[in-house]
Amino acid sequence: MPRARSLKPSVFVDDELAEVEPIVRLLYLGLMTIADRSGRVLYRPKRIAAQTLPYDSVNIESAIDDLERIGKVHRYVVGGRSLLQVCDWDSLQSPHHKEPNSELPGPESPDSEGDSNKEPCLDHALLEHESTIPGDDGANSPDSGLLTIDQGPLTTDMVDGGGGVEADPGDGRLWYALTADAADRFLRAWDAFGQHGDRARAAHEWQQLEVAGAITCENTDTIVEAARKARATHDASGEELRHLKRFHTWLAKKGFSDALRRPITPQASCIDPEVRSATAKAVELGIDVQRESESDAQFTRRVWNAEAEARAQLAQGAA
């Protein structure tokens, strides 16, 4: 049964949705109105067409293929029933508390028979995302100080003693880059939350919050403890894991905000070595080191971006 849903302004500037046809974007909005409290729908193309696009002649299966390709939906089979999950549901909707719980099993169900080559609600647009460093061709230099987060095993010892980077996870993909210290901070929080959700998407959200100055070296311990308490509180409630927000959603909604309202004890360890390294590199490149309101992450990224541009210019000159 169709339901009233909220629509966020950000959907109109979603660059992932810009990759599909307007009618497919309209279908995406329509799916939200027919999805249940958990964002699930019985995958019956003809019925979906009748409920969302009754006056248009659309190949629903092809349109769903497009939405799945950009990570907006995920199709799977449980008990012989074809189902569809709208991805990132918790960040898109806040259903009324009286709305009945979903009666449909989720894609994480042990009996799910989804495509083994696709993780549930994996952000497939990120799979093809190139480095966020201008001028970088995907081969980050060993001294760039950047670490990429891919879908393979991720440990801080991927970075060698010189602050190197595992730029290529082996299949040509490149995830958003994190400095080695930032990756270490992220992994601590990721483990504290029980590694729940899509790690690559969570790493990207963590990076965005560091760049914005919301996450710093100084408040990381507080955020890690907040993540641990959030997971412990959920586990103690006895609810199914599917009711726990995924880590990237918890970060996006700043689930750690209450913890940060309490005084934070300064840590001597937070004289960040990556900032010292970036400062030395800035002096070497003749970059202004006056930071004013810049956060550590913003300053560091400005320096590494400038270095990447310098490398690209040298490469063009050599060519």
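Let's start at a turn: two residues sit between strands β2 and β3 in their hairpin, and one residue there, Gly-79, has a positive phi near 60°. Helices (H or I, at least four residues) and strands (E, at least two) are DSSP runs, numbered from the N terminus. This is a predicted model, where local features need pLDDT of at least 70, side-chain atom pairs count only at pLDDT 80 or more, and totals for chains, interfaces and linings use all residues. Residues are numbered from 1 along each chain as its sequence is written, and side-chain values use heavy atoms, leaving out hydrogens and water.

Here is how the strands pair up (a pair needs at least two DSSP bridges):

| Strands | Direction | Bridges | Opposite residues |
|---|---|---|---|
| β1 (residues 40-42) and β3 (residues 81-86) | antiparallel | three bridges | Arg-40 and Gln-85 |
| β2 (residues 73-78) and β3 | antiparallel | six bridges | Tyr-76 and Leu-83 |

Now for the helices. The axes of α1 (residues 22-34) and α2 (residues 45-52) come within 9 Å and cross at roughly 95°. That makes α1 roughly perpendicular to α2 (the label covers 65 to 115 degrees). In this contact (heavy atoms within 4.5 Å), α1 supplies Leu-27, Gly-30, Leu-31 and Ile-34, while α2 brings Ile-48, Gln-51 and Thr-52.

What about helix α12 (residues 296-318)? Its 23 residues should span 33 Å at 1.5 Å a residue, and its end C-alpha atoms are 33 Å apart, which agrees. The expected span is 1.5 Å times one less than the number of residues. Among the buried residues of α12 are Phe-299, Val-303 and Trp-304, where buried means under 20% relative accessible area with a 1.4 Å probe, protein chains only.

Notes
Axes are lines fitted to C-alpha atoms, for helices over the stretch in contact, and angles run from 0 to 180 degrees between N-to-C directions. Angles under 35 degrees count as roughly parallel, over 145 as roughly antiparallel, 65 to 115 as roughly perpendicular and the rest as oblique. Buried means under 20% relative accessible area, exposed over 50%, partly exposed in between (1.4 Å probe, protein chains only).
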